[in-house]
Amino acid sequence: MRTYHCFWLLFWAGQPHQSFLTPLSKRTSGFPEKEKVLVLSGNSRRDLHRSKRSWMWNQFFLLEEYTGTDYQYVGKLHSDQDKGDGSLKYILSGDGAGDLFIINENTGDIQATKRLDREEKPVYILRAQAINRRTGRPVEPESEFIIKIHDINDNEPMFTKDVYNASIPEMSDVGTFVVQVTATDADDPTYGNSAKVVYSILQGQPYFSVESETGIIKTALLNMDRENREQYQVVIQAKDMGGQMGGLSGTTTVNITLTDVNDNPPRFPQSTYQFKAPESTPPDSPVGRIKANDADVDENAEIEYSITEGDGYDMFGITTDKDTQEGIITVKKALDFENKNLYILKVEASNTHVDPRFLYLGPFKDSATVRIQVEDVDEPPVFSRPAYIMEVKEDVPINSVIGTVTAQDPDAAKNPVK
């Protein structure tokens, strides 16, 4: 008649944390209450089938970062051939055997010697065997089992960037997407809520909001004007445990810049400008500069100047200095103080790039009056004729009058000519 032997693995079936709260000295006196026994013998089909059916028990759970003073108790090996006389020796091999995990070769008690970190290694696969101490031969087939490290919440969420930079156009609608921030948690996402991250905004309200589950930051305030404030610093918190009290958290900073849109028309700082121009000013020479102010920047602040009306419409012109956005008034034709000494122009400044969305804030142009005073220049006398022809007889007496030339001062002062 053939005899079958069994190799037993005993371990906890209750809540995993219960096995860590009892001092080790109380573990070595006997089997804990509510232990489950797994028959791992492979000597018969019936045993094999039974072992496969019980495989769910072939896994130990240990809490990571164990802080007890004693070694952490794992479980117990036992063979039905063990008569308690010390003739059998229990051997452990596999991941961490002899270092992280040790076995009492006489009793079969397995213990963990160090604190285990699930993030470093979540699962250990070990093999157990019982051998005859005298012959060194195995009395049971080698059996494999798993130690799974149960996660604790020992990792705070970490953002993928310490600082995020983003920009959006000013005057954006409420709910406009700004940027998405992402935080990861090294804890086990399949066990509890240790890795469930919830986002919240610590700094940046009421201007911005963040979606708690996605980390998407959006605008929360209407009509944010770059000209009033251009830079915003938003602080986002990621908290694990689903945001519950006691969860760990991490933060990141988001620097948000409002970019310019053309929502400001050009405006002259004064309604009237006055310049003086000598009547001797050559054509195409500048008379003066005027500038309309625009709170926008870059192309949104580009201005085009024009003379729209006035009695000097054909005497003067205006161009735009692209570097300073000033209007340069120039002389088109020669000036004559005696003919006209005052010109009044109406000058208009308008944006070259207009955004139709903000036309209701317009019109995107402004006008001002320019008075140009022509100054008199001391001009030389002018003869009444360009040439004179006179005849004189050869025998005319000395000091005889042979003719007269006339010249006048063209200036308004009519200074005497000699």
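## Exercises on rings, a strand and a surface patch

At 5% relative accessibility, Tyr 305 counts as buried. Keep in mind that this is a predicted model. Let's work through some exercises.

**Exercise 1.** Classify the ring pair of Phe 268 and Tyr 305, and place both residues in the chain.

*Solution.* A pair of aromatic rings is described by the distance of the centres and the angle of the planes. By the ring rule the model holds seven aromatic pairs. For Phe 268 and Tyr 305, the centres are 6.3 Å apart and the planes make an angle of 50°. Planes under 30 degrees apart would be stacked and those over 60 edge-to-face, with the rest tilted, and this pair is tilted. Next, the positions: Phe 268 sits in the loop between β18 (249–259) and β19 (272–278), while Tyr 305 belongs to strand β21 (residues 303–310). The two are 37 residues apart, and their pair links distant parts of the chain. Finally, Phe 268 is buried, at a relative accessible area of 9%.

**Exercise 2.** Work out how the rings of Phe 316 and Tyr 343 are arranged.

*Solution.* The planes of Phe 316 and Tyr 343 meet at 75° with the ring centres 5.3 Å apart, so the pair is edge-to-face. Phe 316 lies in strand β22 (residues 316–321) and Tyr 343 in strand β24 (residues 342–351), 27 residues apart. Both rings can then be checked for burial: Phe 316 is buried at 1% relative accessibility, and Tyr 343 is buried at 5%. Tyr 343 has a further neighbour, Lys 340, which lies over the face of the ring at 5.4 Å from its centre.

**Exercise 3.** Sort the side chains of β19 by face, then find a partner strand.

*Solution.* In a regular strand the side chains alternate between the two faces of the sheet. In β19, Tyr 273, Phe 275 and Ala 277 point to one face and are buried. Thr 272, Gln 274, Lys 276 and Pro 278 point to the other face and are not buried. The partner is strand β25 (residues 365–375), which pairs with β19 in the parallel sense over seven bridges. Within this pairing, Lys 276 stands opposite Gln 373.

**Exercise 4.** Which residues make the nonpolar surface patch of about 520 Å², and is Val 396 buried or partly exposed?

*Solution.* The patch is made by Phe 383, Met 390, Val 392, Val 396, Ile 402 and Val 405. Val 396 is located in the loop between β26 (382–383) and β27 (407–408). With a relative accessible area of 33%, Val 396 is partly exposed.

Notes: Residues numbered from 1 in each chain as written. Predicted model: local features only at pLDDT ≥ 70, side-chain atom pairs only at ≥ 80, totals over all residues. Heavy atoms only, no water. Phe/Tyr/Trp six-rings, centres within 6.5 Å; stacked < 30°, edge-to-face > 60°. Helix = DSSP H or I, 4+ residues; strand = E, 2+ residues; numbered from the N terminus. Buried < 20%, exposed > 50% of the residue type's maximum accessible area, 1.4 Å probe, protein only. Lys NZ or Arg CZ within 6 Å of the ring centre and 35° of its normal. Patch = residues over 30% accessible without salt bridge, like charges linked within 9 Å, V, L, I, M, F, W, Y side chains within 5 Å. Areas by Shrake-Rupley, 256 points an atom, 1.4 Å probe, with all protein chains shown as cover. Salt bridge = Lys/Arg side-chain N within 4 Å of Asp/Glu carboxyl O. Pairing = 2+ DSSP bridges.
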